[in-house]
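Me: Hi! I've got a model open and would like to talk it through with you. Could we start with one side chain and work outwards?

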Amino acid sequence: MAQHQQISLPAKLINGGIAGIVGVTCVFPIDLAKTRLQNQRSGQQIYKNMMDCLIKTVRSEGYFGIYRGAAVNLTLVTPEKAIKLAANDFFRHQLSQDGARLTVFKEMLAGCCAGMCQVIITTPMEMLKIQMQDAGRLVAQQRVMPSVVPTMKMGGTSTVLSRSYNTTHAPQVVRMSALQITKELLRTKGIMGLYRGLGATLMRDIPFSVVYFPLFAHLHQLGQHSSEHPSVPFYWSFMSGCLAGSIAAVAVSPCDVVKTRLQSLRKGANEEIYKGVVDCVRKIWRKEGPRAFLKGASCRALVIAPLFGIAQVVYFVGVGEFLLGYNSFQFE
């Protein structure tokens, strides 16, 4: 790869943005199923598995119901993925000495720094997305168990959020606006309202990046023809991204469950309130058992694998470099 590709931040931001938009469009329905499965409690299960969740969602909310919250993701995934991928490359470049190969420790350190950078965007994006994705589950829960009335458990009353989730009479999914939720959170909680669950997000994204980026780098290197010809076919970049992404996703799945529970503002009447990460972990372990920490793990692997596979193909093919006129596509 040419030197300008290694240090061209604008090109890397373009690559990350394009990869994020394409990837999210492809896998968002699976991500919605993951969120709803993770928020289910024992004894209040509406969905049996991913396919059951998607089928029931389409039946009750229509086809576009499986894309509920996608607008938030598509809007913010460009800076989120761009920051993540560009930051990793930046820190790898800073940690390298005279082009020498990085040690595994330095690769993990670069991934750690990238994970810390991305939460600036990831936390509010996930916060808004989860509220919209989980609305249908609460409505479905009330249809099956009418005695379970969703309540707002975030400390203080929110008119907009209460109206968005109102299911007291004739349960139905009400359209929610991410902008309305944002305004209400800023009004009632300030900027920290959008960063609810920041600690859990860091707890998920930093280990993910620490596992993913070094693993991808080593898998990707296996596809090189020889040391004299280090180029790698684009399909190998895709497979490396998929495999590294799925392994890292499953590894941090317990952290993702905790993050999802903490960021869900609207809960059923019998669903617990969590005071923080430790309290959330303790209550899930005590009331639902250790298996609850792997809820939605397969869905998350199915989301992350193609998402990062697509991201790495766009990245290594050099779409951003091509658009900026640096070079032509690098299909091999």
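Me: Which backbone oxygen does the side chain of Arg36 reach?
Reply: That would be the backbone oxygen of Gln133, at 2.6 Å. Keep in mind that this is a predicted model.

Me: And which side chain does Arg36 make a polar contact with?
Reply: The side chain of Thr57, and the distance there is 3.1 Å.

Me: Where does Arg36 sit, and is Arg36 buried or exposed?
Reply: Arg36 lies in helix α2, which covers residues 9-39. Arg36 counts as buried because its relative accessibility is 0%, and the cut-off for buried is under 20%.

Me: What else is Arg36 in contact with, leaving aside its neighbours within four places in sequence?
Reply: The list includes Tyr47, Cys53, Thr57 and Glu61. Arg68, Gln133, Asp134, Gly136 and Arg137 are on it too.

Me: Let's follow Thr57, then. Which residues of α3 are buried?
Reply: Thr57 is one of them, along with Met50, Asp52, Cys53, Leu54 and Glu61. Cys53, Thr57 and Glu61 also appear among the contacts of Arg36.

Me: Why might residues at that kind of spacing point the same way?
Reply: An α-helix has 3.6 residues a turn, so residues three or four places apart point the same way.

Me: How many residues does α3 have, and how far does the helix reach?
Reply: Helix α3 has 12 residues, 50-61, and spans 16 Å from its first C-alpha to its last. That is close to the 16 Å expected at 1.5 Å a residue.

Me: What's going on at the two ends of α3?
Reply: At the start, a side-chain oxygen of Asn49 comes within 3.3 Å of the backbone nitrogen of Met51. Just after the helix, Gly62 has a positive phi of about 85°.

Me: Changing topic: which residues form the nonpolar patch on the surface?
Reply: Phe234, Tyr235, Phe238 and Met239, with about 380 Å² of accessible area together. Phe238 belongs to helix α9, residues 234-251.

Me: Why does Phe238 count as partly exposed?
Reply: Phe238 falls in that class because its relative accessibility is 34%, and partly exposed runs between the 20% and 50% cut-offs.

Me: Nice. Can you zoom out to the chain?
Reply: Sure! The chain has 13 helices and two strands, and 54% of its 332 residues are buried. Its accessible surface comes to about 14700 Å², with 65% of that belonging to carbon and sulfur atoms.

Me: Among contacts between residues at least 6 apart in sequence, how many join residues at least 24 apart?
Reply: In this chain, 79% of those contacts do.

Terms used
Residues numbered from 1 in each chain as written. Predicted model: local features only at pLDDT ≥ 70, side-chain atom pairs only at ≥ 80, totals over all residues. Heavy atoms only, no water. Patch = residues over 30% accessible without salt bridge, like charges linked within 9 Å, V, L, I, M, F, W, Y side chains within 5 Å. Areas by Shrake-Rupley, 256 points an atom, 1.4 Å probe, with all protein chains shown as cover. Salt bridge = Lys/Arg side-chain N within 4 Å of Asp/Glu carboxyl O. Helix = DSSP H or I, 4+ residues; strand = E, 2+ residues; numbered from the N terminus. Buried < 20%, exposed > 50% of the residue type's maximum accessible area, 1.4 Å probe, protein only. Contact = heavy atoms within 4.5 Å. Expected span 1.5 Å × (residues − 1). Polar contact = N/O pair within 3.5 Å; in protein donor to acceptor, adjacent residues only side chain to side chain.
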